Amino acid sequence: MASVEVSALAKRFGTSTALHPTDLTIGDGEFVVLVGPSGCGKSTLLRMIAGLEDPSDGCVLIGGRDVTHAAPSDRGVAMVFQSYALYPQMTVAENIAFPLKVAKLPRAEIEERVRDTAAMLDLSALLDRKPRALSGGQRQRVSIARAVVRRPRVLLLDEPLSNLDTSLRARMRHEFARLHQQLGSTMIYVTHDQLEAMTLAERIVVMSAGRVEQVGAPIDVYRAPASLAVAAAIGSPGMNLLPATVVAVDADGTTVRLGGGEDVRTAVRVPGDAIGAAVTLGIRPEHLRPDEAGPFAGAVELFERLGPLSFAHLGARGEAGTIVAQLPGDRAVTLGETMRVAVAPQDAHLFAADERAFPR
Ligand code: ATP
């Protein structure tokens, strides 16, 4: 197994920058997920680690060895893509065995490894089938088997589940978690799926506009997003972000005023000289609760009942825009009714004009 380290790694395509100089260290055997909006540079970073894309600057170390200019096949990495190109004329067993045949391993060892890998991915009963006789999920499992059969030190996965339906994705999520335990490989996984990121990652790397915005345990990043970009990228539905002005600062926190004149108390400490500063108040939907005296009010424009919980979209007045509040699944709501909601001071986030979070 191996650690992966990128140092001042950057990529430009002509005049546009896909990745600004980036430093990142991924521990031996760690499961790291790269998340962020479309076009933020996740795949570019992954492809440079794989050796499929040449960096404009910086270097890549795998297991402590500088592989910046090494061929993909000489890096000890394997990659799984969104589109699982299998050889249609070969059986499942032959598809899985293919990389080992290319590497000229002895036949007995190839057979043993194919058997073990197929068992690990629940493919043992399908070894004689051709890809056309498999479901989408089974095909993707074969492409994963083909990647792991070489026992790569590092497994790179670029949105491997995005072609699958919801229930298959859920099953495959479990399989990835299990696979990681069994293989112990370092895994770097690109997705824009919140559930995959939150449930699979030991650490998530949140990217935005070609930069790493924050790195941390998923729950820590969720609870304390370091910037507006992270707040917007993590959580579904996303954090409510409302323009506000700092009106009072004391030892226990800060009071901000919304566009409509309502004051909201937060437990965030901002510097005393911030009075009058424009900030963004951030509140997750689950932290808004109905309260007749609450500062946020709006007519229910949209109501989504998911079963265990529901979401009310409140058309708020003024510049605040729509606010989304999470409610219990059984709560009765009428479209058009006016609802007032409040937030506890410790659940409110504040972001400065430079989009960085004030520490809480
Ligand atoms: P997605 O989630 O949509 O796959 P991503 O975060 O993986 O997005 P990248 O594919 O890494 O994003 O792309 C980052 C930026 O680099 C984008 O603006 C993209 O248009 C640009 N880009 C990627 N590949 C090339 C290329 N071969 N030539 C020119 N620009 C490219």
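Confidence within the protein chain is lowest in helix H5 (residues 166-183), where the mean pLDDT is 84, and highest in strand S1 (residues 4-13), where it is 98. The model is predicted, and the protein chain has a mean pLDDT of 92, with 98% of its residues at 70 or more. For the complex, the predictor reports an ipTM of 0.95 and a pTM of 0.90.

**Domains and nonpolar core**

- The protein chain divides into domain 1 (4-233) and domain 2 (240-351).
- The centres of domain 1 and domain 2, taken over C-alpha atoms, are 38 Å apart.
- The largest nonpolar core comprises 94 residues, and Ile49, Leu156 and Ile188 have the most contacts inside it.
- Both domain 1 (4-233) and domain 2 (240-351) supply this core with at least three residues each.
- In soluble globular proteins, nonpolar side chains tend to be buried together.
- Isoleucine 49 is in contact with Val4, Val6, Val60, Val77, Leu156 and Ile188, when neighbours within four places in sequence are left aside. Two of these partners, Leu156 and Ile188, are themselves named with Ile49 as having the most contacts inside the core.

**Helix H1**

- Nine of the nine residues of H1 are buried, so this helix is largely enclosed by the rest of the structure.
- The buried set consists of Lys42, Ser43, Thr44, Leu45, Leu46, Arg47, Met48, Ile49 and Ala50. Charged residues are among them, namely Lys42 and Arg47.
- Glycine 51 follows H1 and has a positive phi, near 90°.

**Ligand surroundings**

- The ligand is surrounded by Phe13, Ala18, Gly36, Ser38, Gly39, Cys40, Gly41, Lys42, Ser43, Thr44 and His192.
- Helix H1 (residues 42-50) provides the largest share of this shell, with three residues. Lys42, Ser43 and Thr44 of H1 are thus both part of the ligand shell and buried.
- By residue class, the shell holds three nonpolar, seven polar and one charged residue.

**Helix H2**

- The buried residues in helix H2 (residues 92-102) are Val92, Ala93, Asn95, Ile96, Ala97 and Leu100.
- Helix H3 (107-120) and helix H4 (136-148) are included in what covers the buried residues of H2.
- Lysine 104, just after H2, adopts a positive phi of about 60°.

Notes. Residues are numbered from 1 along each chain as its sequence is written. This is a predicted model: local features need pLDDT of at least 70, side-chain atom pairs count only at pLDDT 80 or more; totals for chains, interfaces and linings use all residues. A residue is near a molecule or strand if its C-beta atom, placed from the backbone, lies within 6 Å of it. Helices (H or I, at least four residues) and strands (E, at least two) are DSSP runs, numbered from the N terminus. Domain bounds come from an automatic or database domain assignment. A nonpolar core is a set of buried Ala, Val, Leu, Ile, Met, Phe, Trp, Tyr and Cys residues joined through C-beta atoms within 7 Å. A residue is buried if 20 or more other C-beta atoms lie within 10 Å of its own, exposed if 12 or fewer, and partly exposed in between; C-beta atoms are placed from the backbone. Two residues are in contact if their C-beta atoms, placed from the backbone, lie within 7 Å. pLDDT is the predictor's confidence in each residue, from 0 to 100.
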